[in-house]
Amino acid sequence: MLGSTGSIGTQTLEVARWREWRVTALVAGRDVDRLAAQADAFRPEVVACDPSVADVLAPRLPGGTRLDGAPGAAERAARLPADTVIAAIPGMAGLAPVRAALGEGRHVALATKEAMVVAGPLMRAEAARHGGRITPVDSEHAGVDQALRGQNREAVAAIVLTASGGPFREGPADLRQVTPAQALKHPTWRMGPKVTIDSATLFNKGLEVLEAHHLFEVPLDRIEVVVHPQSWVHALVRFRDGNLLAQVGPHDMRLPIQWAVEGDARPAVPLDPFPLRGRWEFEPPDVDRFPALGLAYEAGRRGGTAPAILNAADEVAVPAFLDGRLPFDAIPQVLAATLDGVAPEALGWEALREADADARRVAGDVVGRRATGA
């Protein structure tokens with residue numbers, strides 16, 4: 001479990017209790033209390049953590065569990081023998097462990113969307129070369145995956161991803177005064193702060209468009225986004241004969257997590273049946289108020305390292321907003337300026353590292369100028 005103390009990680013471990021999965025390794029950052037409690041509950045062979053907390057965590061681990069608190073611990077854990085590696089380390093930090101797992105021929109249940117957003121062709125090549133396999137965990141992509149099962153892929157006209165619209169779908173019209181506390185109140189999903197802010201700007205949906213493009217090998221112009229405030233329909237597949245298949249379910253990430261691991265076995269879950277009632281609405285996204293979605297499409301069209309440039313800019317802009325150094329409406333401005341300020345290169349592992357570093361520097365400069373009014 002890569003990223004065990006985050007939102008996906010903790011919900012994955014709930015599913016592990018349902019299904020009595022044996023947990024080989026837990027990988028997390030600095031949340032010592034939660035990681036120690038998880039280790040005590042699941043008794044993994046290895047626990048990996050940030051080097052800065054290794055000395056504090058070590059005496060709290062159960063007997064028989066080995067601590068790896070040295071640099072590269074996540075990649076080493078990802079290479080351990082396991083049926084499935086669940087990847088939920090957010091951002092660029094999650095790429096190396098995903099690559100390591102695929103390099104060992106593992107099945108990766110992927111919640112680290114950046115792995116496909118910025119390095120999709122590279123990850124697919126790594127999986128093909130070593131016999132690895134990728135199954136999506138995100139509710140939207142898990143929905144697409146289920147709708148596509150057993151279908152004629154040549155008959156697919158489009159993939160439709162749904163978005164809740166975030167906390168500001170109905171206002172305010174002027175987003176300049178939006179506070180972090182307001183932006184963190186997502187109407188339907190319980191997520192970490194970074195993805196919650198990305199959902200508020202609709203950038204998260206842009207990332208999901210790019211992820212779907214590489215996961216399902218569908219052209220960008222055949223990936224649609226529709227706002228569905230109720231979030232019961234997670235995704236749809238539109239076929240050339242005019243029919244659509246939709247995947248519907250509750251606001252519960254434990255279901256796509258279990259699907260990503262167990263697939264068509266579909267074991268029973270200890271949850272009440274999903275109630276079919278109420279009004280379901282669909283509307284187009286407001287790309288004028290939320291330009292980050294269009295920027296993701298533009299990065300995908302530019303190709304190469306452009307998605308990595310955009311992603312890095314967002315990883316700079318969102319913390320600046322949360323820290324009060326950047327207004328909410330300036331997040332897409334930082335993204336646009338960085339996308340135009342760093343020339344994309346042909347995709348490659350070294351090119352990705354360079355593009356990420358260059359984009360963070362440019363985005364940091366943009367944030368700094370914005371904060372000082374320059």
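The following legends describe close-up views of a predicted model.

**View 1. Packing of helix 9 against helix 13.** Helix 9 (residues 193–201) packs on helix 13 (residues 306–322) with the axes 10 Å apart and at an angle of about 95 degrees. Because angles of 65 to 115 degrees count as roughly perpendicular, helix 9 and helix 13 are described as roughly perpendicular to each other. Helix 9 contributes Pro 193, Lys 194, Ile 197 and Asp 198 to the contact, and helix 13 contributes Asp 314, Glu 315, Val 318, Phe 321 and Leu 322. By class, five of the residues in this contact are nonpolar and four are charged, with no polar residues.

**View 2. The open sheet of four strands.** The strands are arranged in the order 8-7-9-10, and their pairing is mixed. Strand 8 (223–227) and strand 10 (244–248) are the edge strands, each with a single partner strand, so one side of each has no neighbour in the sheet. On average, neighbouring strands of this sheet are turned by 20 degrees against each other, direction ignored.

**View 3. Pairing of strand 9 with strand 10.** Strand 9 (residues 233–239) pairs with strand 10 in the antiparallel sense, over five bridges. Val 233 stands opposite Val 248 of strand 10.

**View 4. Helix 7 and helix 10 on strands of the sheet.** Helix 7 (residues 139–148) lies across strand 7 (156–163), strand 9 and strand 10, and runs at about 40 degrees to strand 9. Helix 10 (residues 203–215) lies across strand 7 and strand 8, running at about 150 degrees to strand 7.

Note on methods:
Residues are numbered from 1 along each chain as its sequence is written. This is a predicted model: local features need pLDDT of at least 70, side-chain atom pairs count only at pLDDT 80 or more; totals for chains, interfaces and linings use all residues. Side-chain values use heavy atoms; hydrogens and water are left out. Axes are lines fitted to C-alpha atoms, for helices over the stretch in contact, and angles run from 0 to 180 degrees between N-to-C directions. Helices (H or I, at least four residues) and strands (E, at least two) are DSSP runs, numbered from the N terminus. Angles under 35 degrees count as roughly parallel, over 145 as roughly antiparallel, 65 to 115 as roughly perpendicular and the rest as oblique. Contact means heavy atoms within 4.5 Å. Ala, Val, Leu, Ile, Met, Phe, Trp, Tyr, Cys and Pro count as nonpolar, Asp, Glu, Lys and Arg as charged, and the others, Gly among them, as polar. Two strands pair if DSSP finds at least two bridges between them.
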